[in-house]
Amino acid sequence: MVQSTAFLLFRGKGQKDEEIFMEEKQSLKNPVQENPMGTRKVYPLLLTMSLPPIISMLIQSMYNVVDSIFVARLGENALTAVSLAFPLQNLVLALAVGLGIGMNSSIARNLGAGNTKQANSSAAHGILLAGCHSLFFVLLGLFFSGPFIRMFTSDSQVIAWGTGYCQIVICLSFGSIFHIAIEKIFQAVGDMVAPMALQAAGAIINIVLDPLFIFGGLGIPAMGVMGAAVATILGQMSACLLAVLFLVKKDLPVKTDWKNFSFSWGKVKELYMVAVPSAIVTAMPSALVGLLNGLLIGFSQTAVAVFGVYFKLQSFVNMPANGLIQGMRPMISYNYGAGDKERIRQIIRASLTIVGGIMAAGTLIFLLLGREIMGIFSQDEAMIKMGTEALGIMGTGFVFSVFPVVLSGTFEAFGKGIYSLLITFLRQLAFMLLFAFLLAEPLGLLGVWLAFPAAECCGAAAGLFIAKKGQLFNGKRKDSKK
């Protein structure tokens, strides 16, 4: 059903449009077809390009969960402090990933169109902008961490731990920012193995260092919550150093040629046209978590801790799906640049099938194993009971998110980030908060948990409507060659 709906959605607008499209395709240079993204069978290529980022996302998810397990051993206050810090931490990720997606889309589209010079310019401008973002977060971490944590709690210990954790991971986030920018350059040219290696290295270093810096050992003093922050930063910096080494040593079709670099506000605008909507999309969980924490703290601190655990665990489902989208995005961008509309349809149908399988598996795991999973994080029966109910209810929302996830990635690949932003805003923020605040009054915590599947269901309907109105395929691209 999903595949047939997708086919109708992206079918085009008649025989005349198909003739125009074929003329455009024939007019493009033949060399673009030599790239596997334009010639290899879709399913094997999509799996080949997606498997490395899926593996790296799973490793990253493992780190997020292991980190929470270690922190939870310090007590509920420690877990709450780290949960409250999540929105600021995710804001760093949002801007880094947003810029990376802008670079990825621009580089891949220009390579598909045979314009290597513009692809090189996109890569160089992206690295420069990553440096500007790093300076911004130094200031944000220094001056905003404390006031932000105090917005949600008056507990002095939670405030101290949360503020210290934030200042470390925000001020020193440049490793993550540069690493992600370089990672997206590799993905844009179809190299998915290098980004996987970089992600894996950073996450594994985090996992190894976490217990040493949190609890002490091998001559390292016990640093508690601050130790978790230090381990995170060291992992990010390690991945960054490897990323720079890979970029210098590997022979890529895209170069960051600083000797011939010419700054262009037009190029900055091109990158940010995708980067800003994509960053907002990635930042939405930060806004959601911050606002819902404000609602949940009115019920209990345990509810905040449970919600924090859920957000760590849901990454095991959403990050593999995101890994698939990372493999899908450059394929669509490349073929959009090359003008191959039918191949883009095939990529979308394949992506819907695979993402659907991932989301269905996630729903089953949360429904059937909720109590066992919560038992890993706490021995408190009240928290386990609350968490089991929350995971079972919120986990049902995964299956409704398949269409919005794939559609958002498709719009980003086309450089139409505003549509991706609109879809994600509706499903992850507007509908979610609307249902949470409406249902919390009559149903209590149950209403907050129910808001998740309700919002995803409405988001799926909205995503299909926006995709039809957005007319992804108009028969003729504005930038097409005649």
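A residue counts as buried when its relative accessible area is under 20%. This cut-off applies below to a predicted model of a chain with 482 residues, 59% of them buried. The secondary structure consists of 19 helices and zero strands. Six salt bridges are present in the structure, and three of the pairs are described here, followed by a surface patch and a loop residue.

**The chain as a whole**

- The accessible surface of the chain is about 19400 Å², and carbon and sulfur atoms hold 67% of that surface.
- Among contacts in the chain with a separation of 6 or more, 83% are between residues 24 or more positions apart.

**Salt bridge between Arg427 and Glu456**

- The side chains of Arg427 and Glu456 form a salt bridge, with an N to O distance of 2.9 Å.
- Arg427 belongs to helix 18 (residues 417-443) and Glu456 to helix 19 (residues 445-470), so this salt bridge ties together parts of the chain that are 29 residues apart in sequence.
- Glu456 has a relative accessible area of 10%, which means that Glu456 is buried.
- Arg427 is buried as well, because its relative accessibility is 5%, a value to be read against the cut-off of under 20%.

**Salt bridge between Glu381 and Arg371**

- A salt bridge also joins the side chains of Glu381 and Arg371, again with N to O given as 2.9 Å.
- This pair links distant parts of the chain, with Arg371 in helix 15 (residues 370-377) and Glu381 in helix 16 (residues 381-395), ten residues apart.
- Glu381 is partly exposed at 44% relative accessibility.
- Arg371 is likewise partly exposed, and its relative accessible area is 39%.

**Salt bridge between Glu342 and Arg349, and its network**

- Glu342 and Arg349 meet through their side chains in a salt bridge of 3.7 Å, N to O.
- Glu342 is partly exposed, with a relative accessibility of 31%.
- Arg349 has a relative accessible area of 18% and is therefore buried.
- Glu342, Arg345 and Arg349 are joined into one network by salt bridges that share partners.

**Nonpolar surface patch**

- Leu364, Ile365, Leu367, Leu368 and Leu369 make a nonpolar patch of about 480 Å² on the surface.
- Ile365, one of the residues in this patch, is located in helix 14 (residues 341-368).
- With a relative accessible area of 41%, Ile365 is partly exposed.

**Ser401 and its surroundings**

- Ser401 sits in the loop between helix 16 and helix 17 (402-413).
- Ser401 is buried, because its relative accessibility is 1%.
- A polar atom of the Ser401 side chain lies 2.7 Å from the backbone oxygen of Phe398.
- Leaving aside residues up to four places away in sequence, Ser401 touches Met359, Arg427 and Glu456.
- Two of these neighbours, Arg427 and Glu456, are the residues whose side chains meet in the salt bridge of 2.9 Å described above.

How values were computed. Residues numbered from 1 in each chain as written. Predicted model: local features only at pLDDT ≥ 70, side-chain atom pairs only at ≥ 80, totals over all residues. Heavy atoms only, no water. Salt bridge = Lys/Arg side-chain N within 4 Å of Asp/Glu carboxyl O. Buried < 20%, exposed > 50% of the residue type's maximum accessible area, 1.4 Å probe, protein only. Helix = DSSP H or I, 4+ residues; strand = E, 2+ residues; numbered from the N terminus. Contact = heavy atoms within 4.5 Å. Areas by Shrake-Rupley, 256 points an atom, 1.4 Å probe, with all protein chains shown as cover. Patch = residues over 30% accessible without salt bridge, like charges linked within 9 Å, V, L, I, M, F, W, Y side chains within 5 Å. Polar contact = N/O pair within 3.5 Å; in protein donor to acceptor, adjacent residues only side chain to side chain.
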